Amino acid sequence: MELILDGILKSFQLLFTLNREVLGITLLSLQVSGTATIISVFIGISIGTVVALNHFPGKRVLVSLVNTGMGLPPVVVGLFVMIFLWRNGPFGFLGILYTPTAMIIAQATIATPIVMGITIAAIQNLPADLRLQILSLGATRLQMVGFLLREARLPLLAAIMAGFGGVISEVGASIMVGGNIKGYSRVLTTATVMESGMGNFDMAIALGIILVLLTFLVNYLLTVIQQRERPR
Amino acid sequence: MNRSSKVIEAENLKVVRGRVEVLDIPSFYLADREILSIIGPNGSGKSTLLLTLNGLLKPVTGCIIFRGKEINSSQPVLDFRRRIAMVFQEPLLFDTTVFNNVASGLKIRGIPREEIKKKVLEGLEQFKIVHLADRSARKLSGGEAQRTSLARALATGPEVIFLDEPFAALDPPTRQSITADLEGIIRETGIAAVLVTHDESEALRLSDRIMVVNGGRIVQNGSPAEVMNHPANLFVAQFVGMESVIAGTVLACKDGVVTISIPGGGIEALGERLPGEEVFCGIRPENVVIDILDPTKSMKAGNVFSAKIAAISSIGPFLKVTVNCGFTLVSYMTRGSFTGFKLALGEKVFASFKAEDVHLMSERI
């Protein structure tokens with residue numbers, strides 16, 4: 001019991017003194033996972049919309065694959081990104097293994113199927129005649145897509161939250177392709193794993209609290225956007 | 001009718017779904033300021049026809065001609081769609097305010113804000129929903145939502161409006177008031193309208209012309225009176241409420257009076273038929289008179305049958321009385337005359353109808 005209380009107490013000290021190292025780790029987490037989420041939103045929503053709106057052979061297989069991808073184990077993603085970026089690998093010449101860029105690639109790979117899967121479901125869930133109604137109002141195809149995305153904005157924001165939640169909390173891929181290098185590629189999750197492994201529970205708890213707070217803040221922000229300007 | 005007075009024309013329209021031909025319309029037209037109703041049972045292809053006519057569904061053969069110009073070749077589809085409008089059975093409103101919904105078609109066309117505001121307010125007034133302008137479209141009743149949908153469609157000033165059973169999901173009083181308002185607006189603005197419905201009374205009330213569709217084909221095309229009183233075949237007869245249909249054989253034809261032999265008697269009708277021809281006699285229920293006294297004494301034409309009341313059911317202000325006189329006849333009576341005659345199930349009565357009210361059909365389908 002003492003261990004936990006002591007840990008919590010010390011973690012608050014770390015939090016309120018704004019430890020430079022902790023601050024750096026937090027900012028890097030936000031930067032890596034934020035960038036990965038933004039990339040996944042662009043790819044996931046655009047491809048997801050195209051998939052949802054068109055009929056083509058193999059669509060069912062593709063959607064099943066995307067849905068499977070929503071539960072992709074981060075270590076598997078980490079492994080494959082690592083192989084690709086390995087010195088002798090196909091993209092080894094880029095020399096980006098064990099950098100934040102590699103972490104962004106891995107995390108975007110994890111988040112994209114999540115965003116895409118929810119986008120496909122959200123667009124397909126709209127009434128079938130809605131597309132015809134929008135077109136009959138004189139919309140171009142692009143305008144129609146705009147209307148549909150606006151109609152699906154609640155589940156789409158949920159997709160962004162799920163994507164961000166998936167990568168900010170992920171540790172396997174980040175350790176594998178980032179390497180948890182102090183002051184360079186160390187993020188909240190990888191640092192937590194390391195500190196607790198070394199028995200530094202106060203630091204680990206502090207990092208854990210920051211991680212949860214950060215996730216809450218980002219999701220709170222997105223929820224505010226999601227629920228705003230809904231007419232009476 | 002000359003060519004320029006036609007808003008929409010089409011020839012040899014065919015739509016195939018899978019390998020099934022779901023629509024085969026040799027020719028179609030919609031005149032300026034005309035209200036055309038397309039009626040038919042579920043799955044008859046009437047909605048498919050509507051979607052093909054307004055350019056949302058591409059036919060396998062044939063094309064749509066809008067004001068003399070062929071869509072796709074000399075007139076782009078988008079330009080065509082911006083001159084028409086469509087309302088579905090579901091209001092399909094956007095998740096925003098009523099005002100923004102009505103404004104959406106105008107916004108799509110990039111019309112300046114001030115003008116949008118003016119037009120939206122006009123539309124809201126026309127459909128009596130000004131007080132709902134700031135309300136969320138998700139919080140409207142069925143009638144309010146359909147009014148919003150209609151206002152949204154008409155706000156852009158279309159030349160043709162396509163209506164796909166827009167009143168089907170509404171309760172009768174709401175349906176009545178919206179239908180009346182819509183009819184007023186359509187007649188006032190003079191836009192042409194195509195209304196798809198499976199409610200023949202709605203079609204009768206609103207339209208200048210009725211087109212009956214079944215199995216993807218036009219079965220009959222004519223004025224409401226023509227379709228109601230002279231259905232082309234048994235299918236249409238049944239669909240437009242010609243409830244009594246009796247099969248028989250022509251015995252004789254003289255001076256425009258056809259005598260038909262039916263099981264247990266004979267029927268006189270007007271027309272020209274060859275003796276021996278198999279025919280079907282259709283009589284509308286409002287033309288069958290039920291009496292307790294033998295009307296032969298007061299009436300010349302001899303379609304009088306002694307009958308027994310077999311069934312009574314209520315249809316609004318009227319009673320639907322089914323009588324058996326060897327064959328079945330259906331009559332609509334007022335409740336007043338029914339109770340006045342002190343009628344009841346199994347009671348003996350006389351059923352009669354005039355020769356001119358007998359519609360002869362030779363085709364089954």
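# Salt bridges, a sheet and an interface

Counted over all chains, the salt bridges come to 21. The model is a predicted one. The salt bridges make a good way in, so several are taken in turn below.

Start with B:Asp24 and B:Arg217. These two residues form a salt bridge, and their closest N and O atoms are 3.2 Å apart. The pair ties together distant parts of the chain. B:Asp24 belongs to strand β2 (residues 20-31) of chain B, while B:Arg217 belongs to strand β10 (residues 217-222) of chain B. In sequence they are 193 residues apart. The two ends sit in unlike surroundings. B:Asp24 has a relative accessible area of 13%, so it is buried. B:Arg217 has a relative accessible area of 44%, so it is partly exposed.

The next pair is B:Asp181 and B:Lys128. Their side chains meet in a salt bridge at 3.0 Å, N to O. Again the pair links distant parts of the chain, here 53 residues apart. B:Asp181 lies in helix α6 (residues 172-189) of chain B. B:Lys128 lies in the loop between α4 (113-126) and α5 (142-154) of chain B. How accessible is each end? B:Asp181 is buried because its relative accessible area is 15%, under the 20% limit. B:Lys128 counts as exposed because its relative accessibility is 51%, over the 50% limit.

Helix α6 of chain B also holds a local pair. The side chains of B:Arg187 and B:Glu183 meet in a salt bridge, with 3.9 Å from N to O. Why is their separation about one helical turn? Because they are four residues apart in that helix. B:Arg187 is partly exposed, at a relative accessible area of 36%. Elsewhere, salt bridges with shared partners join four residues into one network: A:Glu151, A:Arg153, B:Asp95 and B:Arg138. That network involves both chains, and the interface comes up again below.

Now return to strand β2 of chain B, the home of B:Asp24. It is part of an open sheet of four strands. The order is β2-β1-β4-β5 (chain B), and the pairing is antiparallel. β2 and β5 (69-70) of chain B stand at the edges. Each has a single partner strand, so one side of each has no neighbour in the sheet. Strands of a sheet pair through backbone hydrogen bonds, either parallel or antiparallel. At one edge, strand β4 (residues 61-66) of chain B pairs with β5(B) over two bridges. Within this region, B:Ile65 has B:Glu70 of β5(B) as its bridge partner. A helix lies across this sheet. Helix α1 (residues 46-53) of chain B crosses β1 (6-17), β2 and β4 of chain B, and it runs at about 120° to β1(B).

One buried position in chain B shows a polar side chain at work. B:Ser331 is in strand β18 (residues 328-334) of chain B. Its relative accessible area is 0%, so B:Ser331 is buried. The side chain of B:Ser331 reaches the backbone oxygen of B:Val288 at 2.8 Å. Beyond residues up to four places away in sequence, B:Ser331 touches B:Pro285, B:Val288, B:Ile290, B:Leu319, B:Lys320 and B:Val321.

Move to the interface between the chains. Here 19 residues of chain A are in contact with 28 residues of chain B. The size of an interface is often given as the accessible area lost when the parts come together. Chain A and chain B bury about 2000 Å² between them. Carbon and sulfur atoms account for 60% of it. Between the two chains there are two salt bridges. A:Glu151 and B:Arg138 meet through their side chains in a salt bridge, at 3.6 Å from N to O. Both residues belong to the network named earlier. Ten residue pairs are in polar contact across the interface of chain A and chain B. Which elements of chain A give two or more residues to the side that touches chain B? They are α6 (128-136) and α7 (141-151) of chain A. α6(A) gives the most, with seven residues.

Last, a helix within chain A. Helix α10 (residues 188-197) of chain A has these buried residues: A:Leu188, A:Thr189, A:Thr190, A:Ala191, A:Thr192 and A:Glu195. They pack against α2 (20-53), α8 (153-168), α9 (172-178) and α11 (201-227) of chain A. After α10(A) comes A:Gly199, with a positive phi near 85°.

Note on methods:
Residues are numbered from 1 along each chain as its sequence is written. Chains are lettered from A and ligands numbered from 1 in the order in which they are written. This is a predicted model: local features need pLDDT of at least 70, side-chain atom pairs count only at pLDDT 80 or more; totals for chains, interfaces and linings use all residues. Side-chain values use heavy atoms; hydrogens and water are left out. Buried means under 20% relative accessible area, exposed over 50%, partly exposed in between (1.4 Å probe, protein chains only). Contact means heavy atoms within 4.5 Å. A polar contact is a pair of N or O atoms within 3.5 Å; within protein, one must be able to donate a hydrogen and the other to accept it, and residues adjacent in sequence count only if both atoms are side-chain atoms. Two strands pair if DSSP finds at least two bridges between them. Axes are lines fitted to C-alpha atoms, for helices over the stretch in contact, and angles run from 0 to 180 degrees between N-to-C directions. Buried area is the accessible area (1.4 Å probe) that two parts lose on being put together, summed over both.
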